[in-house]
Every structure is written in structure tokens, then in C-alpha cells.
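Here is a short tour to go with the structure on your screen. Keep the viewer open and follow along as we go.

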Amino acid sequence: MTQPLGPVMLDLEGTKLTAAEKRLLLDPTVGGVILFARNVENGYQVRKLCSDIRRVRADLLLAVDQEGGRVQRIKEGLTRLPAMARIGESYRTTPEEGLALAKDAGWLLGMEMAACGLDLSFAPVLDVESGLSSVIGDRSFSSDPQHVAQLGSAFIQGLHDAGMAAVGKHFPGHGGVAADSHVALPVDDRPLEVIKQHDLVPFTQLAPQLDGVMPAHVIYSAFDTRPAGFSPSWLGMLRESLGFKGCVFSDDLSMAGAHEAGDPKARAQAALAAGCDMLLVCNDRAAALEVMEACQGINSKRPAKLRYSRARPDLDALSALGRWRRTHAKLEALADKPKPSAD
């Protein structure tokens, strides 16, 4: 039987657990830990850190942003993953090969993350590139919504082959705004029908396949005056119209785009009221403590269902797998390629 988890996902200071962090992780409101580059030396050290965390709390959900390209927290000792736009370029040239590569990339990512002791990576990015958003850019598979959906589907299948959950982001699409929600609150003023026929396409098609979704800290003014992650309307659409059954992760509540909802406690309450299951609070321990206070007695089974449940692969044994060797060579070659031309 799946045991519920508290709704707060925290970050850590460094490459080893501190005594204060060990005490913090015992709080029942904490349900997960997200690792950043400052927590990482190499794959072996991450495996040790995850093991140390599980000795404190075996049930915690352990996550990382390991997309590829410029968003890859664990580099030393693992495959250098290309930006997903490189796979999109391969798909445009040879669709069959591009889809196979996307599936293999998802599988390799899942195997490497599992071998490091993690439960999931916040991937794939399902935003549609528009040429506007510097924060998305080549993190997106393509500027064609159908290409994003098809490549995203293959990537998800690969993750599932490896036994790993897939978390799509940033619902309903961050690609249509220039502002970066890490430092500002972007507003997308396009008509809802335009968003539905463009940015929402990958999420609409892939919602039944996804295990998790992360909404954007973006206001889509034609539909709601609140950012998507604080919007019962957007998250209601995700669950009711799109049929999504999995876990909704807030994007980091410390980001500037989340401040619209008020102080940390108000942000947490707004995200939970909108329909988020797990709240990320990163790079601001004081805010995290306030959020934990606001979340007493709250838990959910949805995040717990995303734990990696298979026997974990051995980091040293991955190279014995033919699929890993072939995919590793292809992805590293793509990682060295120059930026692809626009679709």
C-alpha cells in the first residue's frame, strides 16, 4: 500500500547532509529533496548522498533537473546529454531515427538517474519553442507542437522502459513569453484558443502518459489572472479536460514569478488550493520553514507513487549494456554539435 508523503520538497546546502538537514528531513511535512549543481561532485557522490538521505528517511522522493544541454546537474561520470533541440533537429532530418533517439535518450537518462539513487528527473520539457523565451530556447524539442508531442511521447516511453517517472513541464507552456519566471512574472496575453492550438498540444496529447506535471509561473490573461501554478482553473483543466491522473509539482515557490501570491505561507496555501500535490521551495531556507509550518497535517499519495520501485542498476555496470553504449555515443556526439537552425 502506498504511504502518503508530506507536500514539501526541499533543497540541500552542499554535497553532504548536515546535522540540521537530517533533523529537517524527519519533519512529516517534508516529502522530497531536489538536488542542484552545488550538491553534486559526480555520479558516485550523488549515489552516496541519496543513500545517506534514505538512511534518514527511506520514503522521501529524490529528484533532480537533468534535462540535457544547459540544464544538467550531474555531469561528471555520466553521459553528456545534448539539448533536446538537437534531438528535434535529428527528427526533422530523419523522423524515424529522431523518435528512436528520443526514446533511447529517455531510457538512458532514467537508467543513469536510477543508478545515482534518484527517483526522477523533472523531464521532459514540453514547452514549444517560439523564439521569444531565452529560458526555454533549446530546452524545447521544437517550435512545432506536433513534433514536441511526438518526441515527448518517445522520451516518456524511454523513461518508463527504465522504470522511471516522467514529469512534463511547464504546463500549459512557457515558450510564448520573453520574461524569465525565475526573475519576473511573465504574462502571456494571447487568446486561449491560440494557446490551446499551439502550446497546449503536447500536454493535451501526453497527459495520460505523464506521471507528473509542473505548471508554469506564468499568467495567461485570457483564461485566468493567476499564474498557472496557483490557478484552480488551469489545474482543473489539466485533470478534468486532459485526464491527467498524476502528481502536480509546483515550480519553485521562491522564484520571482511565484511572489504574486504573497508571502511563502500564502504561496503554499494558494498552490495547494489550486491543486498542487508537492511544493518546491528552494534556495530560501526561511521560506521553506514557513511553508512547512503552513503544511502541517497535509499529505498525498500521488508523489509517493513516483518512487523508483525496481532494483537499481549499478553505475559501473551500465557500460556493459549495448543499448547504453550505443545511445551514450550518439548523445555525446549530438552534445558537441552547434546550435540547430530554426524550424
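**A parallel sheet and two helix pairs**

Three strands make up an open sheet, ordered E7-E9-E11, with parallel pairing. Its edges are E7 and E11 (247–248), each of which pairs on one side only. Please bear in mind that this is a predicted model. The points below go through the sheet and then visit two places where helices pack.

**The sheet, strand by strand**

- Start with E7, which covers residues 167–171: 5 of its 5 residues are buried, so the strand is largely enclosed by the rest of the structure. Buried here stands for under 20% relative accessible area.
- E7 and E9 (residues 212–215) run parallel and are joined by 4 bridges.
- If you would like a pair to click on, Val-167 has Gly-212 in E9 as its bridge partner.
- On to the next pairing: E9 and E11 also run parallel, with 2 bridges joining them.
- In that pairing, Val-213 sits opposite Val-248 of E11.

**Where H4 meets H5**

- Helix H4 (residues 95–115) packs against helix H5 (residues 145–161) at an angle of about 35°, and their axes are 6 Å apart.
- The two helices, H4 and H5, cross in a right-handed sense.
- On the H4 side, the contact uses Gly-98, Leu-99, Ala-102, Lys-103, Ala-105, Gly-106, Trp-107, Leu-109 and Gly-110.
- Facing them from H5 are Gln-150, Leu-151, Ala-154, Phe-155, Gln-157, Gly-158, Leu-159 and Asp-161.
- Sorted by class, the contact of H4 with H5 comprises 9 nonpolar, 6 polar and 2 charged residues. Glycine is counted as polar in this sorting.

**Where H9 meets H10**

- Further along the chain, the axes of helix H9 (residues 264–274) and helix H10 (residues 285–294) come within 8 Å of each other and cross at roughly 50°.
- That angle makes H9 oblique to H10.
- The crossing of H9 and H10 is right-handed.
- From H9, the residues making the contact are Pro-264, Lys-265, Ala-268 and Gln-269.
- H10 contributes Ala-287, Glu-290, Val-291, Glu-293 and Ala-294.
- What is the class make-up of the contact of H9 with H10? There are 5 nonpolar, 1 polar and 3 charged residues in it.

Technical notes
Residues are numbered from 1 along each chain as its sequence is written. This is a predicted model: local features need pLDDT of at least 70, side-chain atom pairs count only at pLDDT 80 or more; totals for chains, interfaces and linings use all residues. Side-chain values use heavy atoms; hydrogens and water are left out. Buried means under 20% relative accessible area, exposed over 50%, partly exposed in between (1.4 Å probe, protein chains only). Two strands pair if DSSP finds at least two bridges between them. Axes are lines fitted to C-alpha atoms, for helices over the stretch in contact, and angles run from 0 to 180 degrees between N-to-C directions. Angles under 35 degrees count as roughly parallel, over 145 as roughly antiparallel, 65 to 115 as roughly perpendicular and the rest as oblique. A crossing is left-handed if the near helix is turned anticlockwise from the far one by less than a right angle, and right-handed if clockwise. Contact means heavy atoms within 4.5 Å.
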